[in-house]
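User: I'm new to this one and would like a close look at a single part, the place where protein and DNA meet. Could you walk me through it in plain words?

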Protein chains: 2
Amino acid sequence: MSTAINVRDFSTSLARGLRVITAFDRDHDEMTLSEVSRRADMTRAAARRYLLTLCELGYVTGDGKYFRLTPRVLELGFAFLTSMHIWERAQPFMERLTEQVNESCSISVLEDSDIVYVARVPTKRIMSVALGIGTRLPAFCTSMGRVLLADLRPAELEQFFVQAEFRPLTPYTITDPALLRDRIAAVRQNGYAVVDQELEVGLRSIAVPIRNQAGRVLAAMNVSGHASRISVEEMQQRFLSPLLYAAEGIRMALA
Amino acid sequence: MSTAINVRDFSTSLARGLRVITAFDRDHDEMTLSEVSRRADMTRAAARRYLLTLCELGYVTGDGKYFRLTPRVLELGFAFLTSMHIWERAQPFMERLTEQVNESCSISVLEDSDIVYVARVPTKRIMSVALGIGTRLPAFCTSMGRVLLADLRPAELEQFFVQAEFRPLTPYTITDPALLRDRIAAVRQNGYAVVDQELEVGLRSIAVPIRNQAGRVLAAMNVSGHASRISVEEMQQRFLSPLLYAAEGIRMALA
DNA sequence: ACTTATTGTGCGCATAACGCACAATGATTT
DNA sequence: AAATCATTGTGCGTTATGCGCACAATAAGT
């Protein structure tokens, strides 16, 4: 996030209104006025005005007691997704790769200390969309995350180590900062990353960078599979070349 | 949209701030301050304050000249998507149906005069997510739309005919209101809808309702295919039973 | 170097949005 | 049925938020 802006340039009403939208989630898909005011941390009267405003604009609907979001809020996020149309060009390369290796394939970008999925081609097993585009995962223990971290400038990488939390997600998760730095340095050296069951037991993945013409890393692309089906060695031997080949194709397609 | 609210309950700052977000789209994924102020229809100073506020909150980023949305705006839309988790339970039925009929399958709800996709299982040909959840299509010329319209109460249906525009999308699109009413009545009678190339030349689809325990229609589910591969008669003979069967399974799963 | 376009920003001003408090309504308990 | 409790609706006085202007600074184009 940028350095704090001049307080007179900050719109508290917009910020509070957005807090009302984000007060809704999976476990609070419908809420009363009082619930919204508690979760959004504002008075009932303020919450009421924002809810009525969002109703008027079509983003929220109410039945006299409960409020809920409408599909129209997707437009707010879609404004971002449609701006990500660049990755549509990656689609054919990812589909071909998925057919070749018979595993899922994803592309993500780095945001704060997370990766965010911007494209995905699953294997035949179909996933719901909520697990696709927009998904955030911690960068430190994902193969795509390590690829993206490896391309950060030294000051950026320092900032990452200052703000990220390295909570173990499995018994295999590397959380020691010194060891993480070593892994990231190795990725910088090797040009790819393999992560073995650090995010989720049973999940292995290998990732490579997608670069622009100037050589700077735009995104990372991975292929992932189940530990029961593929070893780390097999993953490197079978997947690295097709991944690099697909990344090169994408690089040229984006030019 | 609800009747207009008391002007003192309406937050113009929130409304304007949201206009800034929706000023971004596929063709305007990055914009200067002046472009944003033109597209959001506000002064440069106002646009600037909202952009700085959105930067501070992490929804927008800027490089000193161009502003662009960040993946964080997906959270605004995801607040809705995660509230749609109910349809995750439909997923297994849809997957089975897709395997059975070898065509794409979707579920949608009605909003204003459009349908909005809330679940989708494509065939082996993978689609990018932007064409999935959240997609809006006109209700009047889609099979799912006609199913949903058929369940509207008379006053609601009248409201629909008042506000919707029936623009022809193909030479086959039915736009005559009287004929549309007949089709909707037939759907009410038959319990399903077939639409043949009215939305898109070459596209045929058949849809059935998904009802709750009280019998009210919650959503519609369809299977669609290409006119070159399947006739209308075949669609009815081969797809109607599996569709009804899957809808019944979903109804019981949602109970 | 000059011109044009765009951006940054301080500031006076008007009103948008604030929270309070009380009435109304609905749900729960006795 | 009555009492109690919780929640919601809303008018209103107050003030701080957000407004647009205008001018300086910067960038781009000729």
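User: Which helix gives the largest share of the surface near DNA strand D?

Analyst: That's helix 3 of chain B, which supplies five residues, the largest share of the surface near DNA strand D. Keep in mind as we go that this is a predicted model.

Let's stay with DNA strand D for a moment. It has 20 residues around it, and the closest are A:S34, A:R48, B:R16, B:T43 and B:R49. As for what the protein meets on the DNA, sugar and phosphate make up 55% of the strand D atoms that come within 4 Å of the protein.

Some of the contacts with the phosphates can be picked out one by one. B:R16 has a polar side-chain atom 2.3 Å from a phosphate oxygen of DNA strand D. Chain A joins in through its backbone: a polar backbone atom of A:F10 sits 3.1 Å from a phosphate oxygen of that strand, and for A:L33 the corresponding distance is 3.3 Å. If you want to find the elements involved, the ones giving two or more residues to the surface near DNA strand D are helix 1 (12–22), helix 2 (33–39) and helix 3 of chain A, along with helix 1 (12–22) and helix 3 (44–57) of chain B.

Now turn to DNA strand C. There are 20 residues around this strand, and A:R16, A:T43, A:R49, B:S34 and B:R48 come nearest. Here sugar and phosphate account for 56% of the strand's atoms that come within 4 Å of the protein.

On this strand, A:R16 places a side-chain N or O atom 2.4 Å from a phosphate oxygen. A:Y50 also reaches a phosphate oxygen of DNA strand C, with a polar side-chain atom at 2.8 Å. From chain B, a polar backbone atom of B:F10 is 2.8 Å from a phosphate oxygen of DNA strand C. The elements that give two or more residues to this surface are helix 1 and helix 3 of chain A, plus helix 1, helix 2 (33–39) and helix 3 of chain B. The largest share near DNA strand C, five residues, comes from helix 3 of chain A.

So what does helix 3 of chain A rest against? Helix 3 (residues 44–57) lies across strand 2 and strand 3 of chain A, running at about 105 degrees to strand 2. Those two strands run antiparallel and are joined by three bridges. One pairing you can look up is A:V60, whose bridge partner in strand 3 (residues 67–69) is A:L69.

Both strands belong to an open, antiparallel sheet of three strands in chain A, in the order 1-3-2. Strand 1 (30–31) and strand 2 (60–62) stand at the edges with a single partner strand each, so one side of each has no neighbour in the sheet.

To place all this in the whole chain, chain A has nine helices and nine strands. Of its 255 residues, 51% are buried. Chain A exposes about 12000 Å², and carbon and sulfur atoms supply 50% of that area. Among the chain A contacts with a separation of 6 or more, 56% are between residues 24 or more positions apart.

Conventions. Residues are numbered from 1 along each chain as its sequence is written. Chains are lettered from A and ligands numbered from 1 in the order in which they are written. This is a predicted model: local features need pLDDT of at least 70, side-chain atom pairs count only at pLDDT 80 or more; totals for chains, interfaces and linings use all residues. Side-chain values use heavy atoms; hydrogens and water are left out. Two strands pair if DSSP finds at least two bridges between them. Helices (H or I, at least four residues) and strands (E, at least two) are DSSP runs, numbered from the N terminus. Contact means heavy atoms within 4.5 Å. Axes are lines fitted to C-alpha atoms, for helices over the stretch in contact, and angles run from 0 to 180 degrees between N-to-C directions. Buried means under 20% relative accessible area, exposed over 50%, partly exposed in between (1.4 Å probe, protein chains only). Accessible areas come from the Shrake-Rupley method with a 1.4 Å probe; for residues, only the protein chains shown count as cover. A residue is near a molecule or strand if one of its heavy atoms lies within 4 Å of it. A polar contact is a pair of N or O atoms within 3.5 Å; within protein, one must be able to donate a hydrogen and the other to accept it, and residues adjacent in sequence count only if both atoms are side-chain atoms.
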